[in-house]
Structure formats: C-alpha cells, structure tokens
Amino acid sequence: TSIEIFLAAKQSLENGPISTATRPVNVVPWSPPTPRVIKINVDISWDATLGHGFAGVVARDQDGQFVCACRYLIKAASVIAEALAIKHGYELGHQLG
C-alpha cells in the first residue's frame with residue numbers, strides 16, 4: 001500500500017542519506033510540533049518532459065506518529081505546482097480541524 005511504501009522510505013532515510021545520480025539529496029531532520037498540534041509537510045515531484053508531477057502531503061503528531069497522507073496529480077508549471085501542494089496541505093489541515 002502507499003502507507004507501507006511511505007514508511008519504508010521513511011525508514012531508509014533514518015538509516016542515512018540516499019545517493020542519487022541526478023542530484024544530491026539534502027536530508028533535513030524532522031522537528032516535531034508542539035503538543036496537541038498536527039504538523040503537515042508537503043513536497044512535489046516534477047517531470048518537465050511530461051509537464052506534470054505529484055504533490056505529497058503528510059500529517060504527523062508531536063510524537064512523529066503518522067496521522068494521514070495524500071497524493072495529488074498536478075498538471076501545472078512547477079512553481080504553480082509548489083503552490084498547489086501548499087494549498088492541498090492547508091485543505092488537509094482544515095479537514096483535520
């Protein structure tokens with residue numbers, strides 16, 4: 001499932017940085033939110049040749065426990081795709097209350 005893939009990727013990041021031939025990966029440690037707050041992170045992947053990408057939205061609690069995640073197909077310029085990812089993150093937060 002998507003959740004299992006996400007958790008496997010998260011585990012591999014905890015074991016050290018991933019090397020890639022296309023560009024270096026900067027691993028930024030996750031910092032928890034204050035108690036009783038859900039932290040929402042967003043990111044996009046982009047394929048310029050296809051002109052679309054995906055936005056990922058992940059929500060975690062103050063203990064780093066998974067709350068939920070969503071993925072969205074985005075057909076827009078990359079700068080707009082970043083803004084749409086943030087919009088989807090906001091909408092998820094609004095739904096969670």
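# Exercises on a three-stranded sheet and its helix

Ile 38 sits in the loop that connects helix 1 (2-14) with strand 1 (39-47); helices (H or I, at least four residues) and strands (E, at least two) are DSSP runs, numbered from the N terminus. The model is predicted, so local features need pLDDT of at least 70 and side-chain atom pairs pLDDT 80 or more, while totals for chains, interfaces and linings use all residues. Residues are numbered from 1 along each chain as its sequence is written, and side-chain values use heavy atoms, with hydrogens and water left out.

**Exercise 1.** State whether Ile 38 is buried, partly exposed or exposed, and find the nonpolar surface patch it helps to make.

Solution. Step one: take the classes, where buried means under 20% relative accessible area, exposed over 50%, and partly exposed in between (1.4 Å probe, protein chains only). Step two: Ile 38 has a relative accessible area of 37%, so it is partly exposed. Step three: Ile 38, Val 67 and Leu 96 make a nonpolar surface patch of about 210 Å². Patch residues have over 30% relative accessible area and no salt bridge; like charges are joined within 9 Å, nonpolar side chains (Val, Leu, Ile, Met, Phe, Trp, Tyr) within 5 Å. A salt bridge is a side-chain nitrogen of Lys or Arg within 4 Å of a carboxyl oxygen of Asp or Glu. Areas come from the Shrake-Rupley method with a 1.4 Å probe, and for residues only the protein chains shown count as cover.

**Exercise 2.** Work out the strand order of the sheet and which strands stand at its edges.

Solution. Step one: two strands pair if DSSP finds at least two bridges between them. Step two: strand 1 and strand 2 are antiparallel and joined by 9 bridges, with Lys 39 opposite Arg 60 in strand 2. Step three: strand 2 (residues 52-60) and strand 3, also antiparallel, are joined by 8 bridges. Here Phe 54 has Leu 73 as its bridge partner, Gly 56 faces Arg 71, and Val 58 faces Ala 69. Step four: the result is an open sheet of 3 strands in the order 1-2-3, with antiparallel pairing. Strand 1 and strand 3 (66-74) are at the edges because each has a single partner strand, which leaves one side of each without a neighbour in the sheet.

**Exercise 3.** Place helix 2 against the sheet, then decide whether His 88 is buried or exposed.

Solution. Step one: helix 2 (residues 78-96) lies across strand 1, strand 2 and strand 3, at about 150° to strand 1. Axes are lines fitted to C-alpha atoms, for helices over the stretch in contact, and angles run from 0 to 180 degrees between N-to-C directions. Step two: His 88 belongs to helix 2 and counts as buried, because its relative accessibility is 15%. Step three: leaving out residues up to four places away in sequence, His 88 touches Val 57, Tyr 72 and Ile 74, contact meaning heavy atoms within 4.5 Å.
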